[in-house]
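Hi,

Here is the structure I promised to pass on. Have a look when you get a minute, and my notes on what turned up are underneath.

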Amino acid sequence: MLDAHLTQLLTDLAKLGEENDAKAPDKQSKYLNITQDTGEFLAFLIKACGVKRILELGTSNAYSTLWMASALANNGHITTIEYNAQKHQQARHNIDRANLNVQIHSIHGDITAELTHLESTYDLVFFDADRSIYMDILPDIERLLRPAGIVVCDNATSHPQELAAFMHYFNQSPNYTTALLPVGKGEFVAYKAQ
């Protein structure tokens, strides 16, 4: 259950995202936030699976980050990476406003480069960034995702052609159980075997 302060902040960020994206001159200027039902799904998944450590690829203004952080226990941790400097700064501001009792490590940098520096393992990896890099970063994701970990990828039904190779990789692997869920813009989920 979200407290009133966080509920209001998420409502404000969702509205801001819609207004911004309607008038943004290009894709880089858009927030491209997840939908509210995707946020609710992620929160449910995190609680149901006892997720403690999350890696998020693509922070934007931290709307999705806050949804996930709200579902973590107090000892939870999120590492989130954003390439766009302006969005990174807005995310840091919004994270500070949320007053959540979890550790959120917000990194400004190139996802492909930053992943090579990470050494922790994660219970859940959320993909919501430049889809053209996904296949290139899979070796690092395989290294960072713990056994019994979960991959969630946004935009699986809104941009299926761009994610076809990515989804095929997990679908054909004997190490993963997968599902495509009609939530928001489509959530592709892959569970890594023990």
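**Strands and cores**

Let's start with a pairing: Cys153 has Phe188 of S7 as its bridge partner. Before you go further, bear in mind that this is a predicted model.

That bridge belongs to a wider pairing, in which S5 and strand S7 (residues 187-192) run antiparallel and share four bridges. S5 also pairs with S4, this time in parallel, through five bridges. One of the residues to click on there is Val125, whose bridge partner in S5 is Val151. To get from S4 to S5 the chain passes through helix H6 (residues 134-144), giving a right-handed β-α-β crossover. S5 itself is mostly covered, with seven of its nine residues buried.

Now for the packing. The largest nonpolar core is made up of 32 residues, and Ile46, Ile54, Leu66, Met68, Leu124 and Val152 have the most contacts inside it. At least two residues each come from helices H1 (4-23), H2 (36-48), H3 (63-71) and H4 (85-98), and from strands S4 (122-127) and S5 (145-153). H3 gives the largest share, six residues.

If you want one residue to centre the view on, try Leu66. Setting aside neighbours within four places in sequence, Leu66 is in contact with Leu6, Leu9, Leu10 and Leu13, and also with Asn94, Ile95, Ala98 and Leu100.

There is another core, apart from that one, with 28 residues, including Leu115, Ile141, Leu144 and Phe170.

Cheers

Definitions and conventions:
Residues are numbered from 1 along each chain as its sequence is written. This is a predicted model: local features need pLDDT of at least 70, side-chain atom pairs count only at pLDDT 80 or more; totals for chains, interfaces and linings use all residues. Side-chain values use heavy atoms; hydrogens and water are left out. A nonpolar core is a set of buried Ala, Val, Leu, Ile, Met, Phe, Trp, Tyr and Cys residues joined through side-chain atoms within 4.5 Å. Buried means under 20% relative accessible area, exposed over 50%, partly exposed in between (1.4 Å probe, protein chains only). Contact means heavy atoms within 4.5 Å. Two strands pair if DSSP finds at least two bridges between them. A crossover is right-handed if, with the strands pointing away from the viewer, the path from the first strand over the helix to the second runs clockwise.
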